Every structure is written in C-alpha cells, then in structure tokens.
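Please open the model in a viewer and keep the sequence panel visible. The tour below proposes one selection after another and says what is found at each stop.

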There are 2 protein chains.
Amino acid sequence: MLKFENLSLNIPDTTKPRVVIIGGGFGGINLAKHLNNKDFQIVMFDKQNYHGFWPLLYQVATAGLEPDSIAEPLRKLFDEDYKDFHFRLVRVTGVNPQAKTVVTLIGELKYDHLIIATGTKANFFGNEQVQKYSFPLKTIPEALNLRSQLLQSFEQASITKDPDIRQALLNFVIVGAGPTGVELAGSLAEMRKHVLPGDYPGLDFSKMNIYLVEGLDRVLPPMAPESSKKTHEYLTEMGINIKLNTLVEAYDGEVVTLKGGEQIRSHTVVWAAGVTGALIDGLPKEVVARGGRVLVNRFNQVEGFPDIYAIGDIAMMKTDKYPNGHPGVAQPAIQQGRLLAKNLNRALRGEKMEEFEYFDKGSLAIIGRSRAVADLPGNRHLSGFFAWIIWLVVHIYYLIGFRSKLIVLTNWMYRLFTYERGTRLIIRPFVRPGDKQAQEFMLKNEMG
Amino acid sequence: MLKFENLSLNIPDTTKPRVVIIGGGFGGINLAKHLNNKDFQIVMFDKQNYHGFWPLLYQVATAGLEPDSIAEPLRKLFDEDYKDFHFRLVRVTGVNPQAKTVVTLIGELKYDHLIIATGTKANFFGNEQVQKYSFPLKTIPEALNLRSQLLQSFEQASITKDPDIRQALLNFVIVGAGPTGVELAGSLAEMRKHVLPGDYPGLDFSKMNIYLVEGLDRVLPPMAPESSKKTHEYLTEMGINIKLNTLVEAYDGEVVTLKGGEQIRSHTVVWAAGVTGALIDGLPKEVVARGGRVLVNRFNQVEGFPDIYAIGDIAMMKTDKYPNGHPGVAQPAIQQGRLLAKNLNRALRGEKMEEFEYFDKGSLAIIGRSRAVADLPGNRHLSGFFAWIIWLVVHIYYLIGFRSKLIVLTNWMYRLFTYERGTRLIIRPFVRPGDKQAQEFMLKNEMG
C-alpha cells in the first residue's frame, strides 16, 4: 500500500543550475527540448504522465480518435538522449520564492530557475451546480467521460418509455462557441448524419438536437468576423441550433435555464465556455492578472521574481500588439517555451536575453467535412475545402511523434472514405455523481 | 436521471421466430451473422457495447495496443444490412424455460430460440482475499486497470525511499501459465528489456522480477508437450522466473504466500489461473457440468430444452474426440455459432440439423519477438521465427473489421522496427479498493 512517509522526490543532487518546469504542455516540452542538455539539470512535474495535443481532444470525446492518437508519454518524449532530465508524476502545490523551492505533495525541491507552465482549467464562474452536472472537456478522462455519456444517452434513449426523457437524452447543449464548442458541435452533427442512424435504427434522429450557446454576439469570437460569419453558415447548414448573446443561468442535471427564462431539457451539457489559469500557491496577488494569469515581462519573467518564469496560457504578457495578452492557443506557448530555452542558454554564457515577439501563424477551425475556416497571416481568410485541407495538414504535422501521426493519418484516411467512426466503445460507463439509480443500474449490470 | 420504472426493452413485436442471443462474443456474433436475416428476428443482449478480440487483451494491459484496436462496437458489426436485428445494452439475469422468456434488469422478453453465449469469467476458487487484491484480465476495463497499475508501479518506485517497498513494486507475479499468463509474462519481459530502462533512468531494472506461477507440471498445459518445453526455454531465456507445481495460498495486497510457505512481496499479482462459466439463473442443476458449463448435445441444445442452446466457452459438449469438452478458445465458439445458424435456418425449412464436429485448426502462443510456438493439425509442432510469423498473420487476419486490422498492422509494423510501445498513458489511475492513502494521494494530485 502507498505510504506518504515513504515517498520523496529522489532528484539527484547537482552542481549544474536546476531548471524546474511545472507542466508538460506545449510550453513545458518545448522549453525542455531546447534547453542545453549538458548545462542544466531539468526537472519536470506533471500530474499526468503524458503530453496531449488538446486541439484534437473533442475527437476523443466523439469517438473519432483513441487517447493514444493525441497523447504521448512524457517519459517517451524525453528518453535516453536527455541525460539529466527527471520527470516526476506528482502535483506541485506551491512555490516558496524566498527559499527558492517548489512544494509538492511529497516534498520540496530547490530550484535555480522555476518555470510555471501549468496552463488553464475550466472556469465555471462560480456556478457550483453547473460545475457538478455539466461535462468539461479539458482532459482525456473528461473526454472519455463525455464519450461514454454520449453513447449511453443513445443506448438509454433506446430503452426509455417516457418520450420526455427520450427527448432530454437526445438534446445536447454545448455552452461556449469557441473552437472547442464549434468543433464538438460540428462533430456531433456529422455523427447524427452519418453514423448514428445506422447504429440505432430504433431511434428517430430528426429529434436529436444540438444547441450551441454563446454569450457573445458571434461564434468563434477569437477569429476574424469573416470566419465567424462563414462558420455560422456552416453550423446552420449542418442543423445546429445556435443561440448567441445567451448565458446559462442554471443546470440541475435535467433542465438548462438560460438567462431570460428559456429552458431546455437535456441530460448532456458540455461546458466549453471559459478557462482560468491553473495557478499555484505562493505568488503574491500583484502578479496575478485577470483570468488567473501570471503577469510576465517580455522575457517571460514574473514581475519582481527574476528566476521565476511563466509561459503559455498561464502567462499574461502585455505588448503593444497584444495589450490583453496572447491568444490561448498552442503557438504562443510553443514560441515562448523555445525562446525561454534559448534565453536561459544565453544567460548562462553571459549573453543578453532576447525579447519575445509573437509570430502569428494564423488560426484554423474545422466544422465538418470540407468545412473549415482559416485566418491566415496578412489578414487573409479562407473557408471551405481548401481551409479543410490546410486544417488536416497542419494538425497532422503538429502531432508530436511519428507513431501518433501515422495512426491519426490511418484513421482519418479510413474515415475520409467511409464516414465511419471506429471507437464507439464505452470503455468505462460514466455515472453522474449522486445519481444512485444510475449507479445501481451499472452495478447490477456488472458494468465498469 | 436514470429511472428504472421508465425503462423497457422496446423490442418490436414480430410474427417471425425470435432468436435471443445472450452475449456478443465469438459464438454470438458468428451465429447472428449467419442466421437468415429475413426469416428471424434477432435480439442480442450484452453488458458491453462491443465485441472484443480477447486473445490480444494482454497487449492492452502492457500498453502495446489501445482498446479500439481489439474491439468493435456491436452496433457497428450489425448495421443497416441487418434489418430485424436489435441490440440492447443490458444484462440478462435469468431464463424462465416454462414461460419461454429471458429476464433482464428492465423487463422480460419471449423467445422462440434462446442462445446462451455468455462465455466465462475469472475463477478465484473461492479465495475472496485473492479476488479482492489481484488483477484479473478478462475485460478491457480490467486490462486498463492493470496497465495503470504497471505504469504507476514504476512511477511509485521512482519516488520511494524504502528499498523493500521499491522491490515489492518491481516484483510482478502472474498466476497461471496458460496462454494469457505466458503472453503477458513475455510482454512484460520485452518491456523490461527494450522500453522501461529508457523511460525510468533512475530505476535499476535488474531488480525487476517477473514470476510465472503454475499449478500443473508445465507451462501452456493446453498445448502439446513439445510446445510447452520450447516455451519454457523461451521464458527462461527471457529471464522469467517459472514456478511449476505451485499453488497460491494467500495474497493480502502486499505478500503472496505460495503453498509450502514461500513468500514473495509484490504489489501486482495478475490472476490468470482459471475461468468458470458465466451462468445465468433458471437452468436446472442437472444441465450444469464441471466448471459452470452448460451440458449440450451435438446440436448445442441444452439437454431437455430443445429451444435453448449454449455455444462457445459456456457450452460443454462431450464427444468421442473431446470427452471433456472443447478447448476454451475462439475456434469452437466460432464454429458452433456458424453451425447453429445453419441448423436454425435448416430447421425453419423443415430440414434436418447437422451434428457439430470440431475442426481443430491448431493453437498458437507468442512469447516474444521471433519467439512463438504452434501446434499444427496433424500433430506437427513449430517454434521460433516461423511460428511467430504465423502468429502475426493469424491474429491480424482474425481481427474483425478492416479498421482494426489496419491500425494493429500499423502499430505492429512500427514496433517491429523500433521496439517502441506508444500507449503508455495512465488514462485513469487505478486505486486499490480500501487503500485510503493511495486514494488520498490521487485526490490530492487531482488525478483521474
């Protein structure tokens, strides 16, 4: 049995400067990959043992891809070639800037350079009821929960006598029309058209409704208005019910109440409405900006703490071009991770550090087959088949590791020709917390 | 929320004879595929929504394959082409032969022909302590639990101060040297050699021990003595500690006690020592044979119940060539399912049913790369590279569905060249029931 008192971080002592990286996301791994491996000891902490390609997480939720297609073990990414690299599967709970230590569940560790690359977590804006009953989509277990819930909804709809409950099972509400919400809605609409009627011949899929609820006045608010407009058209063509300027007020697990009073009965509400920085304890309030982000200068240094850095989604770097910080996507994290590695290498040699300048490669979103939008550098916008091809190429290219790319490619090629989705497995049935009858049902069914 | 009183089986009424199949394993799906689709209404019950290729389950446990490579959704296998086919994800609890109904959690259903194809489940021979603490390997969730446990063992060994606990984490005990036990042991030995030292540079893998414990006097007892001998050689070459004529007496989660008194400290004990039929209630004792199997005649009819059939692992058909029943592998189930479909088609046309005769295509087991054994028809035996190639070809061929085959092929081809295993993801951390500290550890780590 596990005993806390027998655990310790077990990081070897070193005379080299120790770089401690909290988080194995895009920022963390790009930093570690580009640090001069001979000059630093690198310690990475994460509470997952893998790096995930989160832009494709919605595919795991809709049974398009298996987790291993979008994730790579961190220990595999940093193998024998990284001589003084140490990964520990443990959560960092805080930082002590005076003592220059990070605090974990199983002990403290001295650092010379500390990099906070913890990213973001779902933001429910304090609504505990919504948090309890809705499905976030930020991690692989959450995506698998949502997948089980989607498939179980159709199974349950097949054996329900009550038409109101059947309708509630067939109503899917996605809150937030950012990239995750839009891509999930599109993916569900494709399933409704091509996959589900064959799987569930007893169900009437004209009664399956997909609602996409957005608080702002357009879908894909981070993208250009042209792309939002085209995306709105695509979503409408695909039969998705869009509700703009609409906020969710309450959800009790049965009924969603929108601001203004409208109600939708639904057993599946996906929460893709907002994120907040995954902060760690020990930093003073002055360095925490709006949205739980850490204020950094152009070298990603936390204001007032020259040996603590924040990169990626958790960092708030205000520049002339980006007065409200950089967009919360992979590219700023990747670029900041790389530059910080370069700067730490330089500083060690006594050279001057370089200021960060974001190079915007553009943004992409996929809505369905042959339906995508692209904001390209130079204020150009693309949509339709060619945007879709660009989306495919870019996503395959960025998936880390040869193996993942090959499998994703195989799956996609197959699906391109067949419209099929292979991974409709309820690996672990999901039971809503507190739903005793569902629990009893699963138990009696010997499921999971 | 789920409410039992609102659920019903919702199977349409029919004037055709209704065939009810319990279980979507090899027997069940081959029966359903070959029944004359226009003449029968087919109802299939299973408590999983997928058909699994269980001979490769150990690959899921050792992070070689993802679940979707070895499983296909039952609703996908029986799509639009199967007009009057109805799948229900619900457990059958019993049969009422007098009323000719099957009893499920959510209602009863009349049958004209009932086929019991429920297979087997792990047999702990009444040892509740072993059942509580050891890892069975019969289902995908169990394989994923074991995968998490294996990977978590190395992570925990990396942060353990106590050398005794570290050793217990690095001792793996597999009970039962049938195909599952042998293939799992071989797979673990390959990981120890090719994958783990790179992933865990801080651990000394010369201290990782793999024990294979077998109650009989040779490994792979269902195969020919020649193959057992060769397999024993291979396992020994690969550094696996084989203990024959050895029974497990107790396991408290920390220490395995063998009959005779020897003790092994281990946190991971895999139970692959035996199976028993997954019986359903309502059949008289007289038709239940040794090992919880249902006695059937040469038409797979249950003795005394001409409209109830049992096929596959759950069936006990005694023939001159197989006086103790057929081997518990896929082939008898496949062949019995196909013949029973043919016989039901024939009986409907007033034709005579055909007696079952098992056609033994041979048996295969893989121990490691280029190390496999084959018992071929005609009492021929093969081992080494050619047996390994045969094993590869046969397993790829039998994997159901084009997509699975392609992905398995891709993964394997890649691994053939690189020795790599890509899916080392702890998707859901496993916590041993009752281990409060481990639970607290996971919770505080925000894992899972």
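**First stop: helix 11 of chain A**

Of the 19 residues of helix 11 of chain A, 14 are buried, so this helix is largely enclosed by the rest of the structure. Buried means under 20% relative accessible area, exposed over 50%, and partly exposed in between (1.4 Å probe, protein chains only). Helices (H or I, at least four residues) and strands (E, at least two) are DSSP runs, numbered from the N terminus.

The model is predicted: local features need pLDDT of at least 70 and side-chain atom pairs count only at pLDDT 80 or more, while totals for chains, interfaces and linings use all residues. Residues are numbered from 1 along each chain as its sequence is written, chains are lettered from A and ligands numbered from 1 in the order in which they are written, and side-chain values use heavy atoms, with hydrogens and water left out.

Select the two end C-alpha atoms of helix 11 of chain A: they are 27 Å apart, which agrees with the 27 Å that its 19 residues should span at 1.5 Å a residue. The expected span is 1.5 Å times one less than the number of residues. Just after this helix, select G350(A), which takes a positive phi of about 80 degrees.

**Second stop: the partner helix**

Now add helix 1 (residues 26-34) of chain A to helix 11 (residues 330-348) of chain A. The two pack at an angle of about 30 degrees, with their axes 7 Å apart. Axes are lines fitted to C-alpha atoms, for helices over the stretch in contact, and angles run from 0 to 180 degrees between N-to-C directions. The two helices are therefore roughly parallel to each other, a term for angles under 35 degrees.

Which residues of helix 1 of chain A meet helix 11 of chain A? They are F26(A), G27(A), N30(A), L31(A) and H34(A). Their partners in helix 11 of chain A include A330(A), I334(A), R338(A) and L344(A). Contact means heavy atoms within 4.5 Å.

**Third stop: chain B**

Select helix 1 (residues 26-34) of chain B. Seven of its nine residues are buried, so helix 1 of chain B is largely enclosed by the rest of the structure; among them are F26(B), I29(B) and L31(B).

Finally, select K321(B), in the loop between strand 24 (315-316) and helix 11 (330-348) of chain B. Is K321(B) buried or exposed? At 62% relative accessibility, K321(B) counts as exposed. K321(B) and T15(B) are 306 residues apart in sequence and 41 Å apart in space, C-alpha to C-alpha.

How values were computed
Angles under 35 degrees count as roughly parallel, over 145 as roughly antiparallel, 65 to 115 as roughly perpendicular and the rest as oblique.
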